Amino acid sequence: MADLTATKARVAVFISGTGTNMAALLYASRLPTSNYEIVLVASNREDAKGLTLARAEGIATFAQSHRGMERDAHDAAMEQAAQAAGADYIALAGYMRILGTAFVERWSERMLNIHPSLLPRYKGLDTHGRAIAAGDMHGGVSVHLVTADLDGGEVLAQMPVAIEEGDTPETLEARVRFAEHQVYPFALSRHIDRHRTS
């Protein structure tokens, strides 16, 4: 049997926008010690700016608008693209679509997401505004496994970011973004090691 740890894991990244976390994953994958490679960047928006960056870096891309499509059909198109690229794992990086239960279950333990809060606090949207309104000392970021429970899968890594006096959701978001770019490649790499040896 082949030694899976001797080859790099193949990762598809799903995005909906600028793809800054995808870029962080991509450039980290090119470090000598990386245990994964990005084989596809896929999006539900054909005009997603992250696709342009991926193409410039020689990464295969796929885009399929979800507009006018049933959820299951769009999920199937995205999954087929990931499978055709030979992906072992999927990393959601600002992918603004909730994936169906069947899709999630097929990729159990092999699909990760990044969320801009210290889970389990502030699942869903407006995480920075909610943290500020609650008087929290810290916002932050979590990387977690994707399950049918929205933002409810096992947390793989977290990084707190101090909330400063006078912060707005926008100013806090800008600092949390720096933390996201550090923690996502770390969490993905560590999970791949753990998953392959479990």
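**Entry 1: the loop between E5 and H5**

I began with Pro120 and found it in the loop between E5 and H5, where helices (H or I, at least four residues) and strands (E, at least two) are DSSP runs, numbered from the N terminus. I noted that this is a predicted model, in which local features need pLDDT of at least 70, side-chain atom pairs count only at pLDDT 80 or more, and totals for chains, interfaces and linings use all residues. Residues are numbered from 1 along each chain as its sequence is written, and side-chain values use heavy atoms, with hydrogens and water left out.

I looked up the peptide bond that joins Leu119 and Pro120 and recorded that it is cis, with omega about 10 degrees. In the loop between E5 and H5 I also located Asp126, and I wrote down that Asp126 has a positive phi of about 55 degrees although it is not a glycine.

Lys123 is found in the loop between strand E5 (111-115) and helix H5 (127-133). I entered Lys123 as partly exposed because its relative accessibility is 32%; by the convention used here, buried means under 20% relative accessible area, exposed over 50%, and partly exposed in between, with a 1.4 Å probe and protein chains only. Leaving aside neighbours within four places in sequence, I listed His115, Arg130, Asp149, Leu150, Asp151 and Gly152 as the residues in contact with Lys123, contact being heavy atoms within 4.5 Å. For Lys123 and Leu150, which are 27 residues apart along the chain, I noted a C-alpha separation of 7.4 Å.

**Entry 2: Asp151 and His191**

I followed the contact from Lys123 to Asp151, and placed Asp151 in the loop between strand E6 (138-145) and strand E7 (155-162). Asp151 has a positive phi of about 55 degrees although it is not a glycine, and I entered it as buried because its relative accessibility is 9%.

I then turned to His191, which lies in helix H6 (residues 169-197) and counts as buried at 2% relative accessibility. Apart from neighbours within four places in sequence, I found His191 in contact with Tyr89, Glu109, Leu112, Leu145 and Leu156.

**Entry 3: aromatic rings**

I looked for aromatic pairs, and the structure holds two of them; rings of Phe, Tyr and Trp (its six-membered ring) pair if their centres lie within 6.5 Å, and planes under 30 degrees apart count as stacked, over 60 as edge-to-face and the rest as tilted. The rings of Phe14 and Phe103 have centres 6.5 Å apart and planes at 75 degrees, so I classed this pair as edge-to-face. Because Phe14 lies in strand E1 (residues 9-15) and Phe103 in helix H4 (residues 101-106), the pair ties together parts that are 89 residues apart in sequence. I recorded both Phe14 and Phe103 as buried, and I noted that Phe14, Tyr95 and Phe103 form one aromatic cluster.

**Entry 4: helices H1 and H2**

I checked how helix H1 (residues 20-29) and helix H2 (residues 49-56) pack, and wrote down an angle of about 15 degrees with the axes 10 Å apart; axes are lines fitted to C-alpha atoms, for helices over the stretch in contact, and angles run from 0 to 180 degrees between N-to-C directions. I therefore entered H1 and H2 as roughly parallel to each other, a term for angles under 35 degrees. The contact is made by Met22, Ala23, Leu26 and Tyr27 of H1 and by Gly50, Leu53 and Ala54 of H2.

Note on methods:
Parallel < 35°, antiparallel > 145°, perpendicular 65-115°, else oblique.
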